[in-house]
Amino acid sequence: MERLAGRIMLLWGARRHALALTAGAVGALALPPFGIFGALFVSFTLLVWLMDGQASHPESGWVVRLRSVFLLGWSFGFGYFLAGLWWLGNALLVEADQFAWALPLAVLGLPAFLALFFGLATMVAGLLWSDGLARLAALAFGFGLAEWLRSFVATGFPWNAIGYGAMQTPIMMQSSAVIGLFGVTTLAVFIFSLPALFGTRRGLAAGMACGIVLLCAHFGYGAYRLSTTTDDAGDDPQKIVRLVQPVLDQSRKLQNSDRAAIFEEHLALSSAAPAEGDRRPDIIVWPETSVPFILTENQDALVRIAEVLEEGQVLVAGAVRVEYSSPGSPPRYYNSVYVIDDRGEIRGAADKVHLTPFGEYVPFEDWLRDWGVENLVALPGGFSAAATRSLLSLPDGRTLYPLICYEAIFPHEIGDDVGLSTAILNITNDAWFGDTPGPYQHFQQARLRAVETGLPLIRSANSGISAVITPAGTVVDSLSFNQKAFRDVGLKEVSMPSWSDADRQTHFWLIEMIMFLIAVTSRNGFNFRRN
């Protein structure tokens, strides 16, 4: 290991950046659908040794060294995001004649932009770099800060945060209920970097001890929380939820001529008889934008829904909502979810708050449209965002907390009023991305919101993955990707004790402060010894 570390430290120029890019790409193997836990140990070990090599040239000025360390982190991040997000290009091929020209921007441009955050992470770590165990604390501090910034800068895109690589099974997910995604990310980077100590031997014993303690705490708390889960609802679920997964090709959904047939396909899956001996569903859930027209302007559609629903049943369906203002002003469109009862009456609605850039709206619209940049969703002016998130009230008094599509990847999008809800509802349409890692990554991230909030999650996706998930992150039942079917799943109204988002953020910053103090104390001592 020492010989290998030495050879990596001595790399220079293009070979250093090529290895950093490769190391980042290897780390993406820890993400779904691969889930190779050891990949990030390899990835961050190589990154530490590459940064050691940069730090071994003190004759360079601060500006030169920080620039070099930033570019090293950028190369690492570019490899990580390129390998983890290449599938985004599939959305542009749905209407290739209009959007294929933008393929390089999605496949290469977005990873290049997101890699700036990893460059910032290594630059911050470079300012605190010393030797031994403390340099791993510096790296953990830098990545924790960068991933936190990535969650809200430029509207935020915390997709595939490093912490997800350390939360692949329910026992590994429970720590997020206490320290949140970014707290897990900080500690995960520290642990993933520990094998680098074998290359220099300095701080090895202390590092292994810290690693064992942290891993035992991570898995131990997970086992404890899972073992103390109480099921106050008893053996029988209070409600049966039918997940409708129609698996409609996105190009077909965009065709106006096929809308009536698409609507009937949803109704057919909704009205199918349950399995012999099973209860009929109480709540039927359709995916995002499953209603292929403006529902409030199509009374016949509401009549058809009333014909299909049995007494007491309710339909929760994704649809486009339109709002007209003053005469002469263009209408406003919202990506919404409706609650419709057995009489065909709309009993409630909620609009999407956090829109998808370039999918539902164009940032800097006036300027970019002059360059031919358009939305993937063909609506005049795109979608409008709701000012606040509304809860969905069901006729029986139960409440759902709606997260539409990729809103589920933002931990901070969930407010304190989530405690008033029976369950989280996530409807989405991942058919844009085809049979790629995208839908699997999206599913894992939505799953973590159940663990963080301590509430069950109901998820309906056009092409999958649809599921009902317990507050512990366990999948009760699901429909596989591209499985056209319905699934009747029992929803038990149980919850688990959970910290608030403010508490999780406080714990995250405490972890960051500890890492910073370890790094800066060692840095000062390192400078003293060197002088």
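**Exercise 1. Determine which strands helix α12 lies across, and place those strands in their sheet.**

Solution. In this predicted model, helix α12 (residues 259-271) lies across β1, β2 and β12, and its direction runs at about 145° to that of β1. The next step is to place these strands in their sheet, which is open, has 6 strands in the order β5-β4-β3-β2-β1-β12, and shows mixed pairing. Its edge strands are β5 (346-351) and β12 (485-491), each of which pairs on one side only, and the twist from one strand to the next averages 30°. Within this sheet, β1 (residues 239-245) and β2 (residues 283-285) pair in the parallel sense over 3 bridges, and L243 stands opposite V285 in β2.

**Exercise 2. Decide whether Q313 is buried or exposed, and find which backbone atoms its side chain reaches.**

Solution. Begin with the location: Q313 lies in the loop between α13 (299-308) and β3 (314-323). The relative accessibility of Q313 is 5%, and because buried means under 20%, Q313 counts as buried. Turning to polar partners, a polar atom of the Q313 side chain lies 2.8 Å from the backbone oxygen of P281, while the side chain of Q313 also reaches the backbone nitrogen of E310 at 2.7 Å. Finally, when residues up to four places away in sequence are left out, the residues that Q313 touches are R280, P281, D282, I284, V308, D341 and D342.

**Exercise 3. Describe how α9 and α15 are placed relative to each other, and say which residues meet between them.**

Solution. Two packed helices are described by the angle between their axes and the distance between the axes, and both values are therefore taken up at the start. The axes of α9 (residues 176-192) and α15 (residues 437-453) come within 9 Å and cross at roughly 140°. Because angles count as roughly antiparallel over 145 degrees, this crossing makes α9 oblique to α15. The residues that meet are S176, A177 and L181 in α9, and L448, V451 and E452 in α15. Sorted by character, the residues of this contact divide into 4 nonpolar, 1 polar and 1 charged.

**Exercise 4. Work out which strands stand at the edges of the sheet that contains β8, and where α15 packs on this sheet.**

Solution. The sheet is open, with 6 strands in the order β6-β7-β8-β9-β10-β11 and mixed pairing. At its edges stand β6 (392-393) and β11 (475-479), each with a single partner strand, so one side of each is left without a neighbour in the sheet. Helix α15 packs on the sheet by touching β8, β9 (457-461), β10 (466-469) and β11, and its direction makes about 160° with that of β9. Inside the sheet, β7 (residues 399-404) and β8 (residues 423-428) pair in the parallel sense over 5 bridges, and the bridge partner of L403 in β8 is N426.

**Exercise 5. Characterise the surroundings of N426, including its accessibility and its side-chain polar contact.**

Solution. N426 is found in strand β8. Because its relative accessibility is 0%, N426 counts as buried. The side chain of N426 is joined to that of R459 by a polar contact of 2.9 Å. Residues up to four places away in sequence being set aside, N426 touches L403, I404, C405, A408, A446, L457, I458, R459 and S460; L403 is thus a residue that N426 touches and also its bridge partner.

Note on methods
Residues numbered from 1 in each chain as written. Predicted model: local features only at pLDDT ≥ 70, side-chain atom pairs only at ≥ 80, totals over all residues. Heavy atoms only, no water. Helix = DSSP H or I, 4+ residues; strand = E, 2+ residues; numbered from the N terminus. Buried < 20%, exposed > 50% of the residue type's maximum accessible area, 1.4 Å probe, protein only. Polar contact = N/O pair within 3.5 Å; in protein donor to acceptor, adjacent residues only side chain to side chain. Contact = heavy atoms within 4.5 Å. Axes fitted to C-alpha atoms, helices over the stretch in contact; angles between N-to-C directions. Parallel < 35°, antiparallel > 145°, perpendicular 65-115°, else oblique. Nonpolar A, V, L, I, M, F, W, Y, C, P; charged D, E, K, R; others polar. Pairing = 2+ DSSP bridges.
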